[in-house]
Amino acid sequence: MMRTLFLNPPSYAGFDGGAGARYQAKREIRSFWYPTWLAQPAAIVAGSTLVDAQAAGLSLEDVVPSAREYELAVLHTSSPTFPGDVQVAEALKAANPSLMVGLVGAKVAVQPERSLAASAAIDFVAREEFDFTVAEVAEGRPLAAIDGLSYRDSAGQIAHNPDREILPDMDRLPFVTPVYHRDLRIEDYYIGYLRHPYVSLYTGRGCRSRCTFCLWPQTVGGHRYRTRTVENVLAEAALARELFPQMKELFFDDDTFTDDRGRAEAIARGLARLGITWSCNAKANVARETLRVLRENGLRLLLVGYESGNQQILINIKKGLRVDRARQFAADCRDLGITVHGTFILGLPGETKETIQETIRFAREVNPHSLQVSVAAPYPGTELYRQAVEQGWLAADDEGAGLVSEDGTQLASLSYPHLDNTEILDSVDAFYRRFYFRAGKIAEMSAEMFRRPEMAARRMREGAEFVRFLRRRARTAAVR
């Protein structure tokens, strides 16, 4: 087995672009998801090491000297970070010319040839679901014999092997929590709406929904929800509790954990027996009875993608959700005592100044405990990106260049004849202000800090970061 380094490369300061982030960008407040997509092959490759440079605050200078300790380096990359990640690959190769360097992630899955052509330092890219593809490279198998691989052969030519069959039996994947325990510091991972420290993992891959903007199902995971058995999930949950006694919450990062409601209920009952508080991603259409079962068995929070308050926009993006159903879902969660973190996207196809205001009113009406407002991000490989290219909506020609700013914060890269990218980006700040800066919401947040004194310092820090974010955005707008 080759001595293998799995690396989430250093990037913009405070940038959450890891192998778990759904939107690769620097957040309004300090946030880091676990690099689970890298931890999974690291759990397969014996003797490997996982380094998350971003969460650990490591620079390129900190990382490069370790290149001499390894025979293989596998880097996660994304469309916004790709140019910088190539520079990291080149620096590692310069420090150790015999090092084999490979890239993984949605970017290289959909653009393998272009990715390899970017630099001679890149020996291969692993496409689609890459866990066992990378493991076979680490075993020393000939690259030409490994499915799911695109690589540079001995003559320097780019070759593409057949696709790897999607993994049907998710229980074949070893647990990632031992890799977290061995290589990561869980206190480095923050999400504003999750209790700290938290631990996240996947209980399945793929999503049945067809949202045109969503990156992972269209590039890596697919649209069939493939799941680990209930017993397998509960065994890892028990291990997480044992390995991390300081864990305050377990988060299931499946695209839509509630898609299989019977299974979700069974897992919830098992977690209750373990005494674990947990949260997950959900669609705003879960039946009240299922919500009740989940809540009675340890569920604390649901992360819900509402996206828009306008029905036609939801139809345009193939969300498979009705606004009135989302309203009922929100009411059910409120009645049952389930906290909701809502996510919204501005600038999706069909957006106008009027629909933006409609969505802000909708958000205030359903009133999640907290929310995240993003701008529509057309990542290569998604239907939204294909639409943007065909319709001429892209504000920047260079793929990935218009997704983040020079400091890694998200930019609006879509521009419409009736609504340009500047108007879309400015509306994000207006959304946040109208949602948070109102008496009822301020009172709600204040009451939370009063009830839970341990949250006070954290909320004060996050509030200061959020205000600085808004001021920085205002200065940027003034410069334009």
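## Exercises on a helix, a sheet and a buried glutamate

In helix α12 (residues 288-296), the buried residues are Thr290, Leu291, Val293 and Leu294. Buried means under 20% relative accessible area, with a 1.4 Å probe and protein chains only, and helices (H or I, at least four residues) and strands (E, at least two) are DSSP runs, numbered from the N terminus. The model is predicted: local features need pLDDT (the predictor's confidence in each residue, from 0 to 100) of at least 70, side-chain atom pairs count only at pLDDT 80 or more, and totals for chains, interfaces and linings use all residues. Residues are numbered from 1 along each chain as its sequence is written, and side-chain values use heavy atoms, leaving out hydrogens and water.

**Exercise 1.** Work out how the buried residues of α12 are arranged around its axis, and what covers them.

*Solution.* Step one: look down the axis of α12. The buried residues fall within an arc of 160 degrees, so they line one face of the helix; the arc is that of the directions from the helix axis to the C-beta atoms. The background is that an α-helix has 3.6 residues a turn, so residues three or four places apart point the same way.

Step two: find the cover. It includes α11 (261-274), β14 (278-282), β15 and α14.

Step three: move just past α12, where Gly298 takes a positive phi of about 100 degrees.

**Exercise 2.** Describe the sheet that contains β14 and β15, and find its edge strands.

*Solution.* Step one: read the order. Six strands form an open sheet, β10-β13-β14-β15-β16-β17, with parallel pairing; two strands pair if DSSP finds at least two bridges between them.

Step two: check the edges. β10 (198-201) and β17 (370-375) each pair on one side only.

Step three: zoom in on one pair. Four bridges join β10 to β13, and the two run parallel. Here Tyr198 stands opposite Glu249 in β13.

**Exercise 3.** Is Glu249 buried or exposed, and which side chains make polar contacts with its side chain?

*Solution.* Step one: place Glu249 in strand β13 (residues 249-252). Glu249 is buried, with a relative accessible area of 0%.

Step two: list the partners. A polar contact is a pair of N or O atoms within 3.5 Å; within protein, one must be able to donate a hydrogen and the other to accept it, and residues adjacent in sequence count only if both atoms are side-chain atoms. The side chain of Glu249 makes such contacts with the side chains of Ser279 (2.3 Å) and Arg300 (2.9 Å).

How values were computed:
Buried means under 20% relative accessible area, exposed over 50%, partly exposed in between (1.4 Å probe, protein chains only). Contact means heavy atoms within 4.5 Å.
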